Each structure stands twice: as structure tokens, then as C-alpha cells.
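Reader: Before we discuss any labels, please show me the sequence and the model, and then let me ask how each label is justified.

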Amino acid sequence: MARCCSGFCDTAERQFSATLAVKDLSRYRRKGPDATTRLLRDGLVAAGAVAGSLLDIGSGVGALAFELLDRGIQTAEAVDASSAHVAAATQEAERRGRSSAFRAIHDDFTSASAQFAEATIVTLDRVVCCYPMYAPLLEAAVGRSLRWLALSYPRDLWYVRAMVGLENQTRRLSGNPFRSYVHPAIGIADLIGAAGFRLVSRAQTAAWAADVYQRGAA
């Protein structure tokens, strides 16, 4: 497990604490994956992305990786800027008997993307919103995807922006430096499309979009 030394990791450690990691893992074990994780999982399965290798960026406790391993993915590499969530994911892999197929790494993917091998599938579940600039993150992600890219992100709507703004104000008042961001959906789509991917499916909740892309023409 690598040691992350970037400023982003320092901020993420504050937001995604050991206490939150315990809660996230407990909730996953009791209730299964969250809504966006289910949408990405189901979108990938429906598209036939159920074989090969996975690179899960901003993996949290590893929920999406474990869901896809259960459905046919052979290996999963998970990277997260929170050491507590990396530890929780590693613990869950051991509990599931998945240690040989799953590896969790503590790092900021944007600054360390060169160290990661290409994967059949690259996923980013609720991580684009953690970065003030989405382009460097997505450029690094598409550069590591051999065939599939799946991501979830806040919908660019007024009430979502208001909700995120309120959350950021609460963090500001408490001295928490972490911030969330709502990025333009068209900008995200244009960047991914320019890298040679086409949109296969899009599912939405009231606040989130979950997109699955495939490299190459139909």
C-alpha cells in the first residue's frame, strides 16, 4: 500500500476519516452498495463489461470493485486518497477471500497515474466531484482505460449546486478544508468523447448521473 504525499491526500484524510470508513464498510455489509454504485455496476453489466481487469479510482471501501469481481472481473486495483478507506477495503477483501484478486493503494490518482497499469475497465464513483478541476483527473483516467470507462458525478442543476454549496459552507465553518464541486456535464462528456469513447448508457437519480462509456465506434 503506497503512501500518498500530495496535498489532496492531506485534505481527503480529514474528510474521509477512520470513523467514516468504519461506517461506510458497515453500511455496505448491511445494505449493499449505494445508489450510484448500483447504477454503475448495472450499467457495466448490461454493456457486457464483466471480464478483464478493473482500475477503480476513488474506491472508498471497495464496494464497486467487489460488486464487479462477483460478476466476472478477474482482477481489481483500487486507489483512494483516504488511508482509512484503503485499510477498510483491504480488510473487506480478506473477509471475502478476494485478496489474491484485489489490491488497494493509498494515493492521489491524478498525481500518480503513471504508476498504474492500463485496465479493461476504469471506474470513478463519486470522485470527480472531489477535485476542483476535473480535466486532469479524467485525462489520466481515460489514458488508463483499454475499453470501458464508467463514472458518477453530481448533476449540473441549480438545486444540486445549492446543496453542494451548503455542504461546503458547513465545512468552511468547521475548519474542514475539503470541498465538493459540481462540474459541467457537457465538459465531462466532451473530454471523454475526444479521447475516443462513446456513451453507452446514462442513469440518473435526482442528484447524480452515472455514465458508462466504451472506447471506439459502435
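Reader: How many helices and strands does the chain have?

Author: The chain has 9 helices and 7 strands, where helices (H or I, at least four residues) and strands (E, at least two) are DSSP runs numbered from the N terminus. This is a predicted model, in which local features need pLDDT of at least 70 and side-chain atom pairs count only at pLDDT 80 or more, while totals for chains, interfaces and linings use all residues. Residues are numbered from 1 along each chain as its sequence is written, and side-chain values use heavy atoms, with hydrogens and water left out.

Reader: What makes the chain as compact as a globular protein of that length?

Author: The radius of gyration, taken over C-alpha atoms, is set against the globule rule of 2.2 Å times the number of residues to the power 0.38. For 218 residues the rule gives 17 Å, and the chain has 16 Å, which is close to that value, so the chain is as compact as a globular protein of that length.

Reader: Why is the contact between Arg 103 and Glu 77 called a salt bridge?

Author: The term requires a side-chain nitrogen of Lys or Arg within 4 Å of a carboxyl oxygen of Asp or Glu. The closest N and O atoms of Arg 103 and Glu 77 are 2.1 Å apart, so the pair qualifies under that limit. The pair also links distant parts of the chain, with Arg 103 in strand E3 and Glu 77 in strand E2, 26 residues apart.

Reader: Why is Glu 77 called buried or exposed?

Author: Buried means under 20% relative accessible area, exposed over 50%, and partly exposed in between (1.4 Å probe, protein chains only). Glu 77 has a relative accessible area of 14%, and is therefore buried, whereas Arg 103, at 48%, counts as partly exposed.

Reader: How do you know that Arg 202 and Asp 211 form a salt bridge, and which label does each residue receive?

Author: Their side chains meet at 2.8 Å, N to O, so the cut-off is satisfied. Asp 211 counts as buried because its relative accessibility is 0%, while Arg 202, with 41%, is partly exposed.

Reader: What joins Arg 98 and Asp 70?

Author: A salt bridge joins Arg 98 and Asp 70, with the closest N and O atoms 2.9 Å apart. Arg 98 lies in the loop between helix H5 (83-96) and strand E3 (102-106), and Asp 70 in the loop between helix H4 (63-69) and strand E2 (75-80). Arg 98, at 24%, is partly exposed, as is Asp 70, at 43%. In total, the rule gives 13 salt bridges.
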